[in-house]
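Visitor: Please take me through one part of this structure closely. I would like the open sheet in the second chain, with some context around it.

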Amino acid sequence: MSDVTLKVSEQTFGEVFNLVYPGKSLKFKGESPGAKDAAIKTSETSTETSKSKTYLNVTVPWFAIDAELHLVAANGIEFNDGNTFTINEIDIAWDKLILKVGLDIPTMKFGGFCLFKVPKSVPVFGGKCALEVPPIDLFTKTPDIEIPLDLSPIFKFIITEISAICSIEIRAENEKGKDYWAVHPDPIAVDADLVDIHDTLGQAPAILYAAVGTIVLNFQAAFPATWVMDVFLGFVGLPTMTSLVLDVLDIHDDIEEWLMKALEQSIGIDNLLMEVIFDAILDGDAVFKTPKLFEILEEKKVKPDELGGFAVAAPAGDVTLPAVSFPVIKPEVVFDDDEMVLTFDFEF
Amino acid sequence: MRGQLFASQLYTQVDLDSGALVMKCFIAHLLREEGLYHGTVMLGERFVAGFVIEVNEIADETQVTVDLSELHFGARGTAPNEVVKRFAVKTGGYVVLHVGQGDGGYHVLLRNTDDDQSRPWNSQRLDDGDIFSAIPLRPGSYTLSNVSSERTVATRLVVTYPDPRENSRDRPRPTPVYATFKRRRFDPDAFTVDPGQGIVIATKDTARFTLTLDQPDDGSDEIREWHEQQRAELFRIIRGRGGRAVE
């Protein structure tokens, strides 16, 4: 039997948890790994005819995210067997969500045609090109375009479901020179899922199309004259910059699907969320703590005669009675049915 | 947006001259005789780089491609007569001169050092067997001339304005237009090409070809109006954050 036993109900634990953790700003950044090296082939070169077809190999768009959120509340805390507890739902609120889209316009070639063909009358080599001009490259000067898309207007549509399983542990800590036993949740697993935003986006598609429109205008502005843009579009075989940007971004019919893909598959926002919440819980403050030296009596100044029992007159002046403390040992925390039980002994 | 989408010379250098090569034009010169050829890259009156071509029967290649800008930039800081690069080509092969980057404006002097009697070749004065190629981009109406003598010979070349509404990925790229210059005449005597479509002129006479823009073409009123509509639609979508899909 321990000297001291403290019991905390699930409800109280949840309330304390929600006092300690929410409100802290959690920042994270991430980007799509290795995307710049990959390529989307958007059309094929025909080998059926001798004439080459217009084609464009575009690199996969590069995505990055710059985000900030804070925990609002942990709901549905349940104590488990095996000294763990589950938070069924952690509410978060987005403070910033900037999706950066990088386009690496592929190098295009024109020219590179035949100057002189071997006369067809010549055996073996007849009809083949004997002399070629080297092609001229377009888009060789690091022509990356990086456009930030501020997703703040659609924060409310980006719903996340986050749950966590934590064990509970006691750590020795020091705060302002005093030693404590501190009770901390220790995350074992965090799960974060973006709810499929297809049905919840509401006006978001329009906002996203507006963002795409902004990219198009930026891209158009990079062309010195309309005729240059029209000549370039002729090379690419697309009618408008809009169609080109949608093509390069790999946006097809469904822009919500594209956004989900960018956030989930390219950036891995789920994992980033998991990490940031994992770290927030791991590095968070203690939910409960008790001093390592449990003070029974405070240090006290008394006049000797107050103590009594003197045969002669008590000496003048005060004397200091030292504080009486017991070292707290063997702290333990376990979950027992619907209660967290914290026990420790005093070392006499 | 950062960086530059493409070399500005591609759209600022509209007039082309075989005697002052820039990024959009090329010269091919036939090397009939075996020997060690010393080439000199000139920028106006200034020597900028030297190179050597070994022409013999044992070389593998029948074409050697020389980037004059690469030689120019590579020669910076070297002695005036220093050979920047050596090439080899089979006897009867061609040297193709071009400008890979920069403002260009080069011409080349080429001399067979194994043959004291031979006359140096000057790319400002093309000769029988030489080929000039150009890739005009700017839509408009041009004059294509041979200005090698006082009696300039000229013909018309039109670069059509591309209608973006008709663009298609399946549309094959146009092949170059091949022409000859012989007995002071161009054959054919008029050209119509798409932007980026090459013209290749094989000369049988002495020549220095120039391509001069007379009248730029900025597209029809209909195309300009279509562009305005596209732009207005974009602004409407961006401002209104709504409406139909962008495309």
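Guide: What follows starts with chain B as a whole, moves to its open sheet, and ends with a few spots elsewhere. Keep in mind that this is a predicted model.

Start with the overall make-up. Chain B contains 17 strands and 3 helices. The chain has 247 residues, and 49% of them are buried. Its exposed surface is about 12000 Å², and carbon and sulfur atoms account for 44% of that area. Contacts also reach along the sequence. Take those in chain B between residues at least 6 apart: 70% of them join residues at least 24 apart.

Now the sheet. Seven is the strand count, and the sheet is open: 7 strands of chain B line up as S5-S7-S2-S10-S16-S13-S14. The pairing is mixed. At the edges lie S5 and S14 of chain B, the latter covering residues 185–187. Each of these two is an edge strand because it pairs on one side only. Between neighbouring strands of this sheet, the average turn is 20°, with direction ignored.

Zoom in on one pairing. Strands in a sheet pair through backbone hydrogen bonds, in parallel or antiparallel fashion. Strand S2 of chain B spans residues 25–30, and S7 of chain B spans residues 94–98. These two run antiparallel and are joined by 4 bridges. Within that pairing, His29(B) sits opposite Val95(B) of S7(B).

Next, a loop that leads to S5 of chain B. Ile58(B) lies in the loop between strand S4 (46–56) and strand S5 (63–67) of chain B. Its relative accessible area is 74%, so Ile58(B) is exposed; the cut-off is over 50%. The C-alpha atoms of Ile58(B) and Ala88(B) are 9.2 Å apart, although 30 residues separate the two along the chain.

For context, turn to chain A. Thr343(A) belongs to strand S19, residues 339–346. Its relative accessibility is 14%, so Thr343(A) counts as buried, the limit being under 20%. Leaving out residues up to four places away in sequence, Thr343(A) touches Ser2(A), Val4(A), Thr5(A), Lys330(A), Pro331(A) and Glu332(A).

Chain A also carries a nonpolar surface patch. Phe294(A), Ile296(A), Leu297(A) and Val324(A) form this patch of about 310 Å². Strand S15 of chain A, residues 293–297, gives the most to it, with 3 residues. Val324(A) comes from strand S18 of chain A, residues 324–336. At 32% relative accessibility, Val324(A) is partly exposed.

Technical notes
Residues numbered from 1 in each chain as written. Chains lettered and ligands numbered in written order. Predicted model: local features only at pLDDT ≥ 70, side-chain atom pairs only at ≥ 80, totals over all residues. Heavy atoms only, no water. Buried < 20%, exposed > 50% of the residue type's maximum accessible area, 1.4 Å probe, protein only. Contact = heavy atoms within 4.5 Å. Axes fitted to C-alpha atoms, helices over the stretch in contact; angles between N-to-C directions. Patch = residues over 30% accessible without salt bridge, like charges linked within 9 Å, V, L, I, M, F, W, Y side chains within 5 Å. Areas by Shrake-Rupley, 256 points an atom, 1.4 Å probe, with all protein chains shown as cover. Salt bridge = Lys/Arg side-chain N within 4 Å of Asp/Glu carboxyl O.
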